[in-house]
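Student: Got a minute? I'd like to go through this one with you.
Tutor: Sure, put it up.

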Amino acid sequence: MSAAGSLDLRLPIGGLFVILGLLLVGYGVATASNVEQYAQAGGLNINLWWGLIMLVVGVLFLLLARRDARAELRAAAAGASAPPRRDPAAA
């Protein structure tokens, strides 16, 4: 598969985690004063904590995808500047 035709699944999955994490963090902050809502969870603002966890995981996915994309670009640039290698089996 060529580099142009491949899709790194960490990009859309990371983006989805970031968006959903931001939504949950926002909801958790907006409802932080509602004690009755979080009584069943032992008073723990579960929306805020899971939103933060999803946000961190999403950012981690995006950073890993970006790091690998840069590594592929560096490898492609190094391969383009090197002379073509001759295959010894073809001789």
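Student: What share of the residues of the protein chain count as buried?
Tutor: This is a predicted model, to begin with. Of the 91 residues in the chain, 14% count as buried.

Student: And the surface?
Tutor: The accessible surface of the protein chain is about 7,000 Å². Carbon and sulfur atoms hold 70% of that area.

Student: How many helices and strands are there?
Tutor: The chain has 2 helices and 0 strands. α1 covers 10–30 and α2 covers 46–81, with a loop between them.

Student: How far apart are the end C-alpha atoms of α1?
Tutor: They are 30 Å apart. With 21 residues at 1.5 Å each, α1 should span 30 Å, so the two values agree.

Student: Which residues of α1 are buried?
Tutor: Gly14, Val18, Gly21, Val25 and Gly28. Looking down the axis of α1, these buried residues fall within an arc of 100°, so they line one face of the helix.

Student: Which exposed residues sit on the face turned away from that buried side?
Tutor: That face of α1 carries Ile19, Leu23 and Ala30, which are exposed.

Student: Switching to rings. How many aromatic pairs are there?
Tutor: The count is 1 aromatic pair. The rings are those of Phe17 and Phe61, with centres 6.0 Å apart and planes at 40°, so the pair is tilted.

Student: Which helices does the pair link?
Tutor: Phe17 is in α1 and Phe61 is in α2. They are 44 residues apart, so the pair links distant parts of the chain.

Student: Why do those two count as partly exposed?
Tutor: The class runs between the 20% and 50% cut-offs. Phe17 has a relative accessible area of 28%, so it is partly exposed. Phe61 is at 27% and therefore also counts as partly exposed.

Student: What about contacts over long stretches of sequence?
Tutor: Take the contacts in the protein chain with a separation of 6 or more. Residues 24 or more positions apart account for 63% of them.

Student: Now the loop. Is Thr31 buried or exposed?
Tutor: Thr31 lies in the loop between α1 and α2. Its relative accessibility is 13%, so Thr31 counts as buried.

Student: What does the side chain of Thr31 make a polar contact with?
Tutor: The side chain of Tyr38, at 2.6 Å. A polar atom of the Thr31 side chain also lies 2.7 Å from the backbone oxygen of Tyr27.

Student: Which residues is Thr31 in contact with, leaving aside neighbours within four places in sequence?
Tutor: Gln37 and Tyr38.

Student: And Ser33, buried or exposed?
Tutor: Ser33 is in the loop between α1 and α2 too. At 67% relative accessibility, Ser33 counts as exposed.

Student: How far is Ser33 from Asn45?
Tutor: The two are 12 residues apart in sequence. In space they are 9.6 Å apart, C-alpha to C-alpha.

Student: Where is the place of Asn45?
Tutor: Asn45 is in the loop between α1 and α2. With a relative accessible area of 11%, Asn45 is buried.

Student: Which residues is Asn45 in contact with, again leaving aside neighbours within four places?
Tutor: Gly28, Ala32 and Tyr38. Gly28 is one of the buried residues of α1. Tyr38 is in contact with Thr31 as well.

Key
Residues numbered from 1 in each chain as written. Predicted model: local features only at pLDDT ≥ 70, side-chain atom pairs only at ≥ 80, totals over all residues. Heavy atoms only, no water. Helix = DSSP H or I, 4+ residues; strand = E, 2+ residues; numbered from the N terminus. Buried < 20%, exposed > 50% of the residue type's maximum accessible area, 1.4 Å probe, protein only. Polar contact = N/O pair within 3.5 Å; in protein donor to acceptor, adjacent residues only side chain to side chain. Contact = heavy atoms within 4.5 Å. Expected span 1.5 Å × (residues − 1). Arc of directions from axis to C-beta. Phe/Tyr/Trp six-rings, centres within 6.5 Å; stacked < 30°, edge-to-face > 60°. Areas by Shrake-Rupley, 256 points an atom, 1.4 Å probe, with all protein chains shown as cover.
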